[in-house]
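The following exercises concern a single protein model. Please work through each task with the sequence and coordinates at hand before reading its solution.

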Amino acid sequence: AEDAGVPMPRLRALVRSGREAVVLAYEHHDGTTLARYEREPTGPQLSRVWDAVLLLHAHRVTHRSLTADNILLTAGERILLLSPGNGDVAATDLQLHLDLAQLIAELALRVGPEKSADLAVRKVAADELLAVVPLLQAVALSRSTRAALRRRRDVLPALRKRLLDNVPGAEVTS
């Protein structure tokens, strides 16, 4: 991720912690996570999140934890992706699509299904989005996203519908 230029905190140290564990120490950045951000994120902020994730994916690397707690908004309008330790290197298409499904669902919880879907349509090729739509199910998403979706059961169906309505040639399958 660092070699790809993805905005993430730089790994500074590895410290052995017991016989089979290592603690990773990353540089600190001031900012507010998307989970604690009091305003609705702006279009440019959301676009920068997408750009960071797509840059990661262009190098076949996934994040695997794209939750609001792991997206940091800094004072300089930068974004950083936090906690990259769960990601995959040399990721498969399925792993990349799961990452996208997580991002789309998480952003839908923050800005609504319409805005999240519309941004996804602008950022991702239609064939890629068609592969992601079936993955927009609670079981495929992170634990915190699933918990939030239990309180907002309308989000995933609205998200799937909006994506399919805006992807040329898409067909709804039940």
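On a 1 Å grid over the protein atoms alone, a pocket is an open set of points with protein on both sides within 12 Å along at least five of seven lines, and its lining residues have an atom within 4 Å of a point. Grid points are joined across faces, edges and corners, and a volume is the space filled by probe spheres set on the points. The model is predicted: local features need pLDDT of at least 70, side-chain atom pairs count only at pLDDT 80 or more, and totals for chains, interfaces and linings use all residues. Residues are numbered from 1 along each chain as its sequence is written, and side-chain values use heavy atoms, with hydrogens and water left out.

**Exercise 1. The second largest pocket**

Task: Describe the volume and the lining of the second largest pocket.

Solution.
- Step 1. The space in this pocket amounts to about 160 Å³.
- Step 2. Eleven residues form the lining, and Ala1, Glu2, Pro9, Tyr26 and Pro84 are those nearest the centre.
- Step 3. By class, the lining comprises eight nonpolar residues, one polar and two charged. Here Ala, Val, Leu, Ile, Met, Phe, Trp, Tyr, Cys and Pro count as nonpolar, Asp, Glu, Lys and Arg as charged, and the others, Gly among them, as polar.
- Step 4. Glu2, one of the residues nearest the pocket centre, also joins its side chain to that of Arg10 in a salt bridge, at 2.3 Å from N to O. A salt bridge requires a side-chain nitrogen of Lys or Arg within 4 Å of a carboxyl oxygen of Asp or Glu.
- Step 5. Both partners are partly exposed, Glu2 at a relative accessible area of 47% and Arg10 at 37%. On this scale, buried means under 20% relative accessible area, exposed over 50%, and partly exposed in between (1.4 Å probe, protein chains only).

**Exercise 2. Two arginines in one loop**

Task: Determine the sign of phi for Arg60 and for Arg64, and identify the salt-bridge partner of Arg60 and of Arg64.

Solution.
- Step 1. Arg60 belongs to the loop between helix H1 (43–58) and strand S4 (71–73), and Arg64 is also in the loop between H1 and S4. Helices (H or I, at least four residues) and strands (E, at least two) are DSSP runs, numbered from the N terminus.
- Step 2. Most residues other than glycine have a negative phi. Arg60, however, has a positive phi near 60°, and Arg64 has a positive phi near 70°.
- Step 3. The structure contains ten salt bridges. In one of them Arg60 meets Asp93, with 2.9 Å from N to O. Because Asp93 lies in helix H2 and Arg60 in the loop between H1 and S4, this pair ties together parts that are 33 residues apart in sequence.
- Step 4. Arg60 is partly exposed at 33%, and Asp93 is partly exposed at 43%.
- Step 5. Arg64 pairs with Asp88, their closest N and O atoms being 3.3 Å apart. Asp88 is in the loop between strand S5 (79–81) and H2, so its bridge to Arg64, in the loop between H1 and S4, links parts 24 residues apart in sequence. Arg64 is partly exposed, with a relative accessibility of 40%.

**Exercise 3. The buried side of helix H5**

Task: Which residues of helix H5 (residues 143–151) are buried, and what covers them?

Solution.
- Step 1. Thr145, Ala148 and Leu149 are the buried residues of H5. They lie on the same side of H5 because they cover an arc of only 100° around the axis, the arc being that of the directions from the helix axis to the C-beta atoms.
- Step 2. An α-helix has 3.6 residues a turn, so residues three or four places apart point the same way.
- Step 3. On the face turned away from the buried side, H5 carries the exposed residues Arg143 and Arg151.
- Step 4. The cover over the buried residues of H5 includes helix H2 (93–111) and helix H6 (155–166).

**Exercise 4. Two buried leucines**

Task: State where Leu46 and Leu73 lie, and list the contacts of Leu46 and of Leu73.

Solution.
- Step 1. Leu46 is part of helix H1 and is buried at 5% relative accessibility.
- Step 2. Beyond four places in sequence, Leu46 touches Pro41, Leu107, Val111 and Leu119, contact meaning heavy atoms within 4.5 Å.
- Step 3. Leu46 and Leu119 are 73 residues apart along the chain, and their C-alpha atoms are separated by 8.1 Å.
- Step 4. Leu73 sits in strand S4 and is buried, with 5% relative accessibility.
- Step 5. Setting aside neighbours within four places in sequence, Leu73 contacts Gly31, Thr32, Leu34, Tyr37, Gln45, Arg78 and Ile79.
- Step 6. The C-alpha atoms of Leu73 and Leu55, 18 residues apart along the chain, are separated by 18 Å.

Key. On a 1 Å grid over the protein atoms alone, a cavity is a set of points where a 1.4 Å probe fits but cannot get out, and a pocket is an open set with protein on both sides within 12 Å along at least five of seven lines; lining residues have an atom within 4 Å of a point.
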